[in-house]
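Reader: I'd like a close look at just one part of this model. Could you pick a helix and walk me through it, along with any odd backbone spots worth knowing about?

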Amino acid sequence: MRNKRTAEPQTEQSEASPTSPAVADSTGREVKRFKKQSDISYERKEKEDKDNTEGDKRGTQTEHAPRRSTLTSPPYRRISLKRLQNVENSLAFGMEMLPAFNKSLRTSSSVQAPVPPCTAPSSFSGDPRPGLNLNFLPPVDKGLFTLLQDASVFCSTKAYEAAVSSLCTALQLASKGHVLKGMQHSDPEDIDLVFSYIQSRLVACYLRMKKPQMALEHAHRSIQLNPSHFQNHLRQATVYRMLGKPWLAAKSVLTADWLYCTVLGGTERHISTKLKLYWQAMLHEAQLKEEGISVMYTPYSGDPTAEHVSQAAEAFMMQNGAFTDFIYTDPKGGHVLPHTVDWLSAPAAPQQYFITLGFRKREDSRLLKKIHSRKWPPFPGGEETLRSPKQEEVEIPKFRDMFEKMLSILDLMQATQINSGVRVGSGLIEWLQYGSLLVKLGYHREHSTIMHRCQAHLATAPYLPQISTQQDNTLLQALLTDIVDELGRQSGTERVWNKMLKVGQLENLFHSVEEKYLRKTARRHYQRQMEKKAKESKRSRISRELFPIPTTATKNSS
């Protein structure tokens, strides 16, 4: 049948133009060309089927073998500033997404159960003339409500300085006890909720005025008063973005996404998608901002092992040959990435990764492995760095640059880890130690900012999957108590992080003494072996001289 169908067109063509050999030749060339293309496509398809079959065989053979880590770090595309500002306008400056206030839901002081959030119009969106809607707050004092409504009107007309003045007056009025209508039987958590709202409005106003440094402390305080509200963390991330600290912004928006999806019981996927977009952008900016460092994420399955760590280091060396002067892989793992996390619909744990850092210069990483390899954090240098008063002016800038570089690396490592906790290497203990050293050098403003930031971090810790043991909870409460005392300038007792610093220094001393002893023992053992060999050689030489070995008789006896 195939030959018959191909012959009929040729016959018709020859009947139609019997005297056209050029047309017949061109038709033959077309047939040959189509045949050649079909043969090539058939060979290509046969080769692909063969490769797929071999791949299936290899997958079957290695199904039960340990999985080898492969690089799947996504080539992040740069996200425009306009898209980030759209996220900020809709979530950070838009509607206050809190559940309607219900006294029965706030009877216990423990962590709240997940409650579906309802959106209430913020004082900074919509037309404020019909009245300010604060149904997510307890009934506030009449004078305080008037000030908040005035601030809403000023913000709607973009008179942010007047709004700040009104909010500061409201803060002073609330601090004098005029917060709720029934203050005699009020709950402290309800009062904290009102104070947190005022602080968050101050953050929004200062950000609109392009004054992120003034908004930073208010952002920390809003989180301290209401740590489970994800928009407070997003506003903190916005402040960090405008201050040029994307690694801290990435950590804040990661926390915001977790709180929205798990603690607040959020159901709107577009909100979580916007948060992940912001997280991805900040993570990309953080990796670009760290000069001389390359970052790679390597997936793994099961519990992290030494084999996984070595495979991650090998994969990094193959991908980044220019950053191999020193390579460090976090052995604890547990990092997550924006494109693999879906806390709204996935009950199972997301794909976890190792983070591997490669450095161009070894001196940039000399403190990293020491911190992560000890139980208590040694903070090298410390007060010994500035012992000489004559070199104080020269040493202070170098001192601050060195430790801020190290702390920024720790913050970058925590930008993809939700369960960092209060353990060593999370950056929290190291920042507290650094703050204590700064206050001794006279940097009181920087010290206060660090203390407020760490207090906000510790206030959020119970809502994150990181406080698992009684020891962690005890350490968290001790750190919070000491931070409050530190901010209140109450001295006389030694802080927990300074005690940990002394323990780390003692541990460093013990390790150095142990290393010296082991080196001395090995050297002594080597010398004894060499002396023993020399004595045996001397003994054998004397023996040969006293008792020479008789030589064999020559063969000329004949």
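**A close look at helix 8**

Author: Let's take helix 8, residues 230-242, keeping in mind that this is a predicted model. Its 13 residues, at 1.5 Å apiece, should span 18 Å, and the end C-alpha atoms sit 19 Å apart, so the expected and modelled lengths agree.

Now for its surroundings. Twelve of the 13 residues in helix 8 are buried, so the rest of the structure largely encloses this helix. The buried ones are F230, Q231, N232, H233, L234, R235, Q236, A237, T238, V239, Y240 and R241. As background, an α-helix has 3.6 residues a turn, so residues three or four places apart point the same way.

Just past the end of helix 8 comes G244, with a positive phi of about 80°. That brings us to the backbone spots you asked about, and here are two that involve lysines.

K158 also has a positive phi, about 65°, and K158 is not a glycine. You'll find K158 in the loop that links helix 4 (142-156) to helix 5 (160-175). With a relative accessibility of 65%, K158 counts as exposed, because the cut-off for that is over 50%.

K210 is the other one: its phi is near 60°, again positive in a residue other than glycine. K210 belongs to the loop between helix 6 (188-208) and helix 7 (212-225). K210 is exposed too, at 59% relative accessible area.

Technical notes: Residues are numbered from 1 along each chain as its sequence is written. This is a predicted model: local features need pLDDT of at least 70, side-chain atom pairs count only at pLDDT 80 or more; totals for chains, interfaces and linings use all residues. Side-chain values use heavy atoms; hydrogens and water are left out. Helices (H or I, at least four residues) and strands (E, at least two) are DSSP runs, numbered from the N terminus. The expected span of a helix is 1.5 Å times one less than its number of residues. Buried means under 20% relative accessible area, exposed over 50%, partly exposed in between (1.4 Å probe, protein chains only).
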